[in-house]
Amino acid sequence: MDDKRRATRLEDRGMMSDAGEAKTGLDVARGEAAPGPDAAAPSRKLFIQSFGCQMNVYDAQRMSDLLGAEGYEETQTPEGADVIVLNTCHIRERASEKIFSELGRLRDLKAARAREGLAPQIVVAGCVAQAEGAEIQRRQSAVDVVVGPQSYHRLPELLRRAGEGARVVEAEFPAQDKFGFLPPPPAAATRRRGVSAFLTVQEGCDKFCSFCVVPYTRGAEFSRPVAAVLDEAKALLDEGVRELTLIGQNVNAYHGEGPGGRAVSLAGLCAELARLPGLARIRYTTSHPNDMADDLIEAHATLPQLMPYLHLPVQSGSNAVLKAMNRRHTAGAYLDLVARVRARRPDLALSSDFITGFPGETEADFADTLALIEAVGFAASFSFKYSPRPGTPGAERADQIDEDVKSRRLHALQALLEEQRQSFNRSMVGRRLAVLVEKRGRHEGQAAGKTPYLQAVHFEGGAGLVGACVEVEIMAAGPNSLYGRLVAPGEVRAPERAARRGAA
Ligand code: SAM
Ligand code: SF4
C-alpha cells in the first residue's frame, strides 16, 4: 500500500496525530497494551450508534467485538453507557452536521452523569473523525477520543489514554492493515446478529469522483487477502450465517492476494467462498461500472450462490455531467454494460445511486437521467441532492445549482424510481421464489426473509425456519414488502395439477 496516498487528507488542518508517541496498533495486537477483561470486574457498558453505509455497520460490529474482548457489554441506549461511540458518515453535509447536534445532547448527558460522580467517555469514529480530526474537539470539548476508520483497532489503548486525561485524536492512515489486528467475530455476537452478515473485503477508493469524499476519508484502495476473507467467512458460517454480503467502497475492484501471491478478482473470491459448506447466498456492494469485469458478469450466470441483484451506481444519465463528475464512463457505456450482464443473467435486478443538481446540470442533462432510468428499469435505488463537500473539486465550482432546483429534480427522479420499484415488486405476484428466512415476522406465527432480489417477504411460518431457504408463493405486494405463502416441499400448482390429471 502506498503510505503517501493513504495519508492524503481532505484538508490539511495541521492536526498531527499523537500516534507517533503512542504505542502502535502492532503493540496492541501483541497484547502489550491490552490486558484482557478482569473476570471479577463488573462489566462496563458500551453504546455504539452508526450512521451511513454498510461499511459503517460492519465497522461498528468490529468495534463492539474489540471492546467486548475488553469486558464491555453493548447496551441499546447511551444513558447508562461507560463508552459512547458515534460511528459517523461524512458523505453529505446533512449527515455530518447531524453528528454535532447529537454531540450536543451527549455533552448534556455527560454533565448529568458527572454530577453522579461518573465519567462516560465519548468517541467520535468514522469518516467525520477522519475528515475533521481535532476540529471536532474544538467544536465539542466533551469528546474524549476522535478515531478515523483505519485506526479503530487501537480503541482500547486510545480509551485508556483518554482516561488518563489525554485529548486523543487518531486520524492518520496507518500503513498496516487494521484487519490483522481485529479479533475474529465472537460466536455469541455472530449468532445474535442473524443469518445474513456483512464482510468487508475491500476499502478505500482511487477514483476521485469530483463530488465524493471517500478517497480522502477512507484512503487508497485496499483489498484484504483471500485467506483472511475465507477465515472470517468460516467463523461466520460456523455460527449459522447463511448469506454473506461482501462490502467495499469499490468492491468489484477487489484484487486480494491469493495463493502464491497471485491477485484474485471478486469473481475468483466469490468462487472460493461458494465452496464453503453452509453458504447459501453471496451478494456484494458497492460496484463501479468501470470495474464490472467479464469474469464477474460470467459468475452471475454460473455461480448459483451469487444472487441476481446488482447495485451499480450510475449517478447521472448525462455524458456532460458524468464527465464533470469524473466518472470516466458514459451513459451509453453503462447501458451497454447493463445489456451485457442481463444477457448472461436475464432476471438480474438492478439498483443504482443518483445525484441531482451536480454543478452545471441543465434541464436537458436531467432529462437524460430520466431517460436512462426509463431505459434500464431499476428494482430499487438511492438518490440524493448534490451536497458540496469541502476539499472536493465539485465544491469549488462556480456553477452550483439552487437548492429548490435540486429538490424539484430529486422529487421527479424519486417518483419515477418509486414507480419502477413498485412495478418490479408487483411483477413477483404469482411467482414462487426462494426465500432465505431471516427472523420471526412482526405478527405471531409469521416469518420474514428476503427473495433473491433483496425484497422483504412475510409469510406464515414458524421460528424454526430461520436460516432455511424455503419456497414461497408471492400472493401480494405491499408498499415495502411482499406477502406470500409457504410452499410445501413437492407441492405443485393447481394449474399444473390439472394439466397432470389431463395428461394421465
Ligand atoms: N463507490 C460507489 C460508486 O462509485 O458509486 C459509491 C459510494 S458513495 C459512499 C455512496 C453514494 O453517495 C454515491 O454513489 C453517491 O450517489 C452519493 N454521494 C457521494 N457524495 C455525494 C455528494 N457530495 N452529494 C450527494 N450524494 C453523494
Ligand atoms: Fe466515491 Fe464511489 Fe467515486 Fe470512489 S468511485 S470517489 S467511492 S463515488
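A residue counts as buried here when its relative accessible area is under 20%. With that in hand, start with the whole chain of this predicted model: buried residues make up 54% of its 504 residues. The chain holds 18 helices and 21 strands. If you take the contacts between residues at least 6 apart in sequence, 72% of them join residues at least 24 apart.

Now for the interior. The largest nonpolar core has 52 residues, and L244, L246, L266, L269, L273, Y284 and F378 have the most contacts inside it. Pick out Y284 and look around: beyond its neighbours up to four places away in sequence, Y284 touches T245, L246, V251, L266, M292, L296, H300, L306 and L310. There's also a second, separate core of 24 residues, with Y72, A162, L182 and F222 among its members.

A162 leads us to helix α7, since A162 is one of the buried residues of that helix. Residues 155-163 form α7, and 7 of these 9 residues are buried, so the helix is largely enclosed by the rest of the structure. Apart from A162, the buried set takes in L155, P156, E157, L158, L159 and R161. Just after the helix, G165 takes a positive phi of about 105 degrees.

On to a helix pair. Two packed helices are described by the angle between their axes and the distance between the axes. For α12 (residues 294-302) and α14 (residues 331-344), the angle is about 35 degrees and the axes are 8 Å apart. On the α12 side the contact is made by D294, I297, E298 and A301, while α14 brings L337, R340, V341 and R344. Sort those residues by class and you get 4 nonpolar, no polar and 4 charged.

Next, the ligands. Ligand 1 has 17 residues around it, and F211, Q249, Q315, D353 and S387 come nearest. Three side chains are worth a look for their polar atoms. A polar side-chain atom of D353 lies 2.6 Å from an oxygen atom of ligand 1. For Q315, an N or O atom of the side chain is 2.7 Å from an oxygen atom of the ligand. With R92 the ligand atom is a nitrogen, 3.3 Å from an N or O atom in the side chain.

F211 turns up again around ligand 2, together with C205, K207, F208, C209, C212, V214, P215, N250, H288 and R327. By class, this shell has 7 nonpolar, 2 polar and 2 charged residues. F208 deserves a closer look. F208 sits in the loop between β8 (202-203) and α9 (214-217), and is partly exposed, with a relative accessible area of 25%. Its phi is positive, about 50 degrees, although F208 is not a glycine. Most residues other than glycine have a negative phi, and most peptide bonds are trans.

That second rule has its exception here too: a cis peptide bond joins T285 and T286, with omega about 0 degrees. T286 is in the loop between β13 (281-285) and α12.

Another positive phi shows up in the loop between β18 and β19, where L454 lies. L454 has a phi near 70 degrees, again in a residue other than glycine, and at 37% relative accessibility it counts as partly exposed. What does T451, in the loop between β18 (446-450) and β19 (456-460), look like? T451 is at 0% relative accessibility, so it counts as buried. A polar atom of the T451 side chain lies 3.0 Å from the backbone nitrogen of Y453. Leaving aside neighbours within four places in sequence, T451 is in contact with R281, R283, L433, A434, V457 and L482.

Finally, two stops with more solvent access than T451's 0%. P184, in the loop between β6 (168-170) and α8 (187-193), is exposed, with a relative accessible area of 60%. P184 and A233 are 49 residues apart in sequence, with 10.0 Å between their C-alpha atoms. V57, in helix α3 (residues 54-68), is partly exposed at 32%. Outside its neighbours within four places in sequence, V57 is in contact with S50 and F198. The C-alpha atoms of V57 and N87 are separated by 8.6 Å, and the two residues are 30 apart along the chain.

Terms used: Residues numbered from 1 in each chain as written. Chains lettered and ligands numbered in written order. Predicted model: local features only at pLDDT ≥ 70, side-chain atom pairs only at ≥ 80, totals over all residues. Heavy atoms only, no water. Core = buried A, V, L, I, M, F, W, Y, C linked by side-chain atoms within 4.5 Å. Buried < 20%, exposed > 50% of the residue type's maximum accessible area, 1.4 Å probe, protein only. Contact = heavy atoms within 4.5 Å. Near = heavy atom within 4 Å. Nonpolar A, V, L, I, M, F, W, Y, C, P; charged D, E, K, R; others polar. Axes fitted to C-alpha atoms, helices over the stretch in contact; angles between N-to-C directions. Helix = DSSP H or I, 4+ residues; strand = E, 2+ residues; numbered from the N terminus. Polar contact = N/O pair within 3.5 Å; in protein donor to acceptor, adjacent residues only side chain to side chain.
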